[in-house]
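Student: Could we go through this structure together? I'd like to learn where the labels come from.

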Amino acid sequence: MSTIGIVDYGVGNVGSLTNMFRHLGAEVQLCRTAEDLKDSEKLVLPGVGAFDHAMRQLASHELLEPLRDYGASGAPLLGICLGMQLLLDRSEEGDLDGLGLIPGESKRFANDGAGKLRVPQMGWNTVSPAHPSPLFSGLESDNRFYFVHSYYVSCADREDDLGLTTYGRPFTSMVQRGNVVGMQFHPEKSHTFGMRLLTNWMTM
Amino acid sequence: MKIPPRVIPVLQLSDGFLVKTTKFGNPRYIGDPINAVKILNDKGVDELVLCDLDASAGRSSIDYELLADIASEAFMPVGYGGAVSSAAVARRIVELGIEKVIINSLVERDPVELEAIASTIGTQSVVASVDVSKGLMGRRSARIRGGSEQSRYDPVGFARLAVEHGAGEVLVHSIDRDGAMGGYDLESIEAIAKAVDVPVVALGGAASDSDFSAALAAGASAVAAGSRFVFHGRRKAVLITYPDQSTIRRL
């Protein structure tokens, strides 16, 4: 199994993610510097909380250019929850630029439409593949993942939509552009389903 | 695909160990919390609740280190209850990787602070526990401070007050039925489910799948249990179990 790097930039608890990858048999390294990123055969960018705060934290750890370079290198890069949103160009939530690895932006769920939509979405929901992919092996139907978010991504290039979920309206819950993959939900809080998905990702 | 109802194990902590109470008293040693979480991970449990009995009763402060360890081990969302007394405490708990906080005494003692908690971490992360007991006269009352004090409010009033001040979920917890495995307090569950718009979770007395079904039929959105998941058999041997997915779908 390869070494999975998890970007540790002071945003959220990377514990569950680290433990889940170890549980799946991977070697995990927490990455705090550009040097650490270079040692990772595959990289995970987690994130919880506010967009601008996360981008500022990445900047202060001098990880912005190294992450952009990593994304351009072709090595597998996985963004989770806010980490996925950081991969895009920008977000309605903040003023700073994202990493720009996937064209598009994040938008807030609106409390409009028939029936009040509770924001954030906090709970289990399913993901439908936008097109077939080895990432969905064993998860094509009958899956569920744990979501906690107020913003959702909107890709400029529809080809980058990998998975769709409905919460009041359909939205993109998984993205892929080449080697860069994103998941809106928390696979590390989605027990057996998360484990399967991360196993699939590791064998990509 | 219809999402199955949530079936939530409740783990009680005392002095860093897992215990199980009866009527909120007589804690019996169960084992190590981290080990229990690992077992529950393997069983694909959807959600977990942790209650720190010492913190609730004011005997100790919140064990943040243990909570961080448990949050790191858990492959599912976790809720925590016990001495959650302010927005700062709630934020700290959520930043450790815990998804929800469970409040009880605060509903009566300081509803304004409850509002502050809800605006800090979101109403969806705030669960109000209504601890229900039938007094000598047979009338139900709500209790606070780990069940040691009577609330000014009756259970329905307590639940309404909590929701008005920001609780996004209500846990209906029967003190009398706690640990007895004699079925849930269905009357309280039904009354509170009718009185509030937020999801209601049943706790206290579950012994079997038919108890879960009865609570769901009475209006609960989710079912929680302690003894049902940590004990096995008449002699109550310690064994952590959890129903499989096909059973949960049929509830």
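Tutor: Sure, let's take the labels one at a time.

Tutor: This is a predicted model, where local features need pLDDT of at least 70, side-chain atom pairs count only at pLDDT 80 or more, and totals for chains, interfaces and linings use all residues. Residues are numbered from 1 along each chain as its sequence is written, chains are lettered from A and ligands numbered from 1 in the order in which they are written, and side-chain values use heavy atoms, with hydrogens and water left out.

Student: What makes A:D142 and B:R249 a salt bridge?

Tutor: The rule wants a side-chain nitrogen of Lys or Arg within 4 Å of a carboxyl oxygen of Asp or Glu. Here the N to O distance is 3.6 Å, so the pair passes. Across the interface of chain A and chain B, the rule finds 3 salt bridges.

Student: How do you know that chain A and chain B are in contact?

Tutor: Contact means heavy atoms within 4.5 Å, and 22 residues of chain A meet that with 26 residues of chain B.

Student: Why are the buried residues of α1(B) said to be on the same side?

Tutor: Buried means under 20% relative accessible area (1.4 Å probe, protein chains only). In helix α1 (residues 33–42) of chain B, that label goes to B:P33, B:I34, B:A36, B:V37, B:L40 and B:N41. They cover an arc of only 160° around the axis, so they share one side of α1(B); the arc is taken from the directions from the helix axis to the C-beta atoms.

Student: What covers them?

Tutor: The cover includes α6 (191–202) of chain A, and α3 (64–73) of chain B is also among the elements. Helices here are DSSP runs (H or I, at least four residues).

Conventions
Buried < 20%, exposed > 50% of the residue type's maximum accessible area, 1.4 Å probe, protein only. Helix = DSSP H or I, 4+ residues; strand = E, 2+ residues; numbered from the N terminus.
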